[in-house]
Amino acid sequence: MCGIAGYSLGPESRVERTLAGRALLTGIAERGADAVGYAYRSPGSPISVHKQRSGATALIDRIGVPADATKLLLHVRDYTKGHPSLAANNHPVRHGAVVGIHNGIIKNDDLLFAQHRIERAHPEMSVDSEIIFALAERSRGRTAEALQELYGSMAAAWLDEGRPELLLARGMGRPLWIGRRKHELFFASTRLGLELIESYADVKLRKSQLAEGTIVAVEHGRIVAKETFRPDRSFEEEPLPAIRAPDEARSCLERLATLHAAAA
């Protein structure tokens, strides 16, 4: 069980980038405390990645997103495969030009790496999530077809230095909430993440869940392409509690309120 969140903003958006990142991180803080990280991208710049082995509370003060950034990914980790002592296993995960975040479990990652003759980005990496982003990089234009090879559960998001959009995909077994306005699209594993954006960024969002078996491309806060795929529904997973780190949730909420009051 992990938590993912982030946004795509149009150039007209007046949403304060760092504040929005802190609100979204707070909204997913309860879903893991083994590692935390974020990545952002500004127009014309490479993807910048920051991650550390801690819960969300230890990062919330340190988040810094440039005012011209248009895309953000956030992740809290409750690890299952790929020990967090190796930074490359933690999210956001980079494979080549792709940087992504994932909530779920992929059971056939080693098999797919071997079948496609894809090398791991780091020789000691073992995190299952990497295969999603390896396939995404290899299959540009055929990503929906590639996702059908995965066996497991998935909600994922990624940025690709070879294309301009934010990509969101939901397989089966994991939530993925989306909140939209004219120039903004926010996403999170929890509805709370979107509600905190509404409260702290003073916006009103149209909220919904991305349907299972859907991949969308988002540019300037708008969905510009949408495809469907067929997740392997034979996969059965043990039910997991949604709240893995309640202390992180409480402390992040307190810190977010304090930081917001100090900036007002």
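Contact here means heavy atoms within 4.5 Å. The model is predicted: local features need pLDDT of at least 70, side-chain atom pairs count only at pLDDT 80 or more, and totals for chains, interfaces and linings use all residues. Residues are numbered from 1 along each chain as its sequence is written, and side-chain values use heavy atoms, with hydrogens and water left out.

**Exercise 1. Place Ile118 in the fold and list what Ile118 touches.**

Step 1. Secondary structure comes from DSSP runs, numbered from the N terminus: helices are H or I of at least four residues, strands are E of at least two. Ile118 falls in the loop between α3 (109-116) and α4 (130-138).

Step 2. Residues up to four places away in sequence are not counted; Ile118 then touches His95, Phe113, Ala134, Leu135 and Arg138.

Step 3. Buried means under 20% relative accessible area, exposed over 50%, and partly exposed in between, with a 1.4 Å probe and protein chains only. Ile118 counts as buried because its relative accessibility is 10%.

Step 4. For a distance check, take Ile28: Ile118 and Ile28 are 90 residues apart in sequence, and their C-alpha atoms are 32 Å apart in space.

**Exercise 2. Describe the surroundings of Thr143.**

Step 1. Thr143 belongs to helix α5 (residues 143-147).

Step 2. With a relative accessible area of 7%, Thr143 is buried.

Step 3. Leaving aside neighbours within four places in sequence, the contacts of Thr143 are Ala136, Trp158 and Ile215.

**Exercise 3. Which residues touch the most other members of the largest nonpolar core, and which elements supply this core?**

Step 1. A nonpolar core is a set of buried Ala, Val, Leu, Ile, Met, Phe, Trp, Tyr and Cys residues joined through side-chain atoms within 4.5 Å. In soluble globular proteins, nonpolar side chains tend to be buried together.

Step 2. The largest nonpolar core has 35 residues, and Leu25, Leu74 and Phe186 touch the most other members. At least two residues of this core come from each of β1 (3-9), α1 (17-28), β2 (35-41), α2 (57-60), β4 (71-77), β10 (184-188), α6 (191-201) and α7 (246-263). The element that gives the most is α1, with 6 residues.

Step 3. Phe186 touches, among others, Tyr7, Leu24, Trp177, Leu194 and Leu205, not counting residues up to four places away in sequence. A second, separate core has 27 residues, including Ile106, Ala144, Ala169 and Ile215.

**Exercise 4. What lines the largest cavity and the second largest cavity?**

Step 1. On a 1 Å grid over the protein atoms alone, a cavity is a set of points where a 1.4 Å probe fits but cannot get out; lining residues have an atom within 4 Å of a point. Grid points are joined across faces, edges and corners, and a volume is the space filled by probe spheres set on the points. The structure holds 3 cavities of 30 Å³ or more.

Step 2. The largest cavity has a volume of about 80 Å³. Its lining includes Ile106, Leu147, Tyr151, Met172, Phe229 and Asp232.

Step 3. To classify a lining, Ala, Val, Leu, Ile, Met, Phe, Trp, Tyr, Cys and Pro count as nonpolar, Asp, Glu, Lys and Arg as charged, and the others, Gly among them, as polar. The lining of the largest cavity divides into 8 nonpolar, 3 polar and 1 charged.

Step 4. The second largest cavity holds about 70 Å³ of space. Among its lining residues are Cys2, Arg77, Asp78, Lys81, His91 and Asp128. This lining divides into 3 nonpolar, 5 polar and 4 charged.

**Exercise 5. Where in the chain do the partners of the salt bridges Arg255 with Asp61 and Arg244 with Asp78 lie?**

Step 1. A salt bridge is a side-chain nitrogen of Lys or Arg within 4 Å of a carboxyl oxygen of Asp or Glu. The whole structure has 19 salt bridges.

Step 2. In the pair Arg255 and Asp61, the closest N and O atoms are 2.7 Å apart. Arg255 is in helix α7 and Asp61 in the loop between α2 and β4, so the pair ties together parts 194 residues apart in sequence. Arg255 is partly exposed at 30% relative accessibility, and Asp61 is partly exposed at 36%.

Step 3. Arg244 and Asp78 also form a salt bridge, with the closest N and O atoms 2.7 Å apart. Arg244 lies in the loop between β13 (222-228) and α7, and Asp78 in the loop between β4 and β5 (93-95), 166 residues apart. Arg244 is partly exposed at 38% relative accessible area, whereas Asp78 is buried at 14%.

Definitions and conventions:
On a 1 Å grid over the protein atoms alone, a cavity is a set of points where a 1.4 Å probe fits but cannot get out, and a pocket is an open set with protein on both sides within 12 Å along at least five of seven lines; lining residues have an atom within 4 Å of a point.
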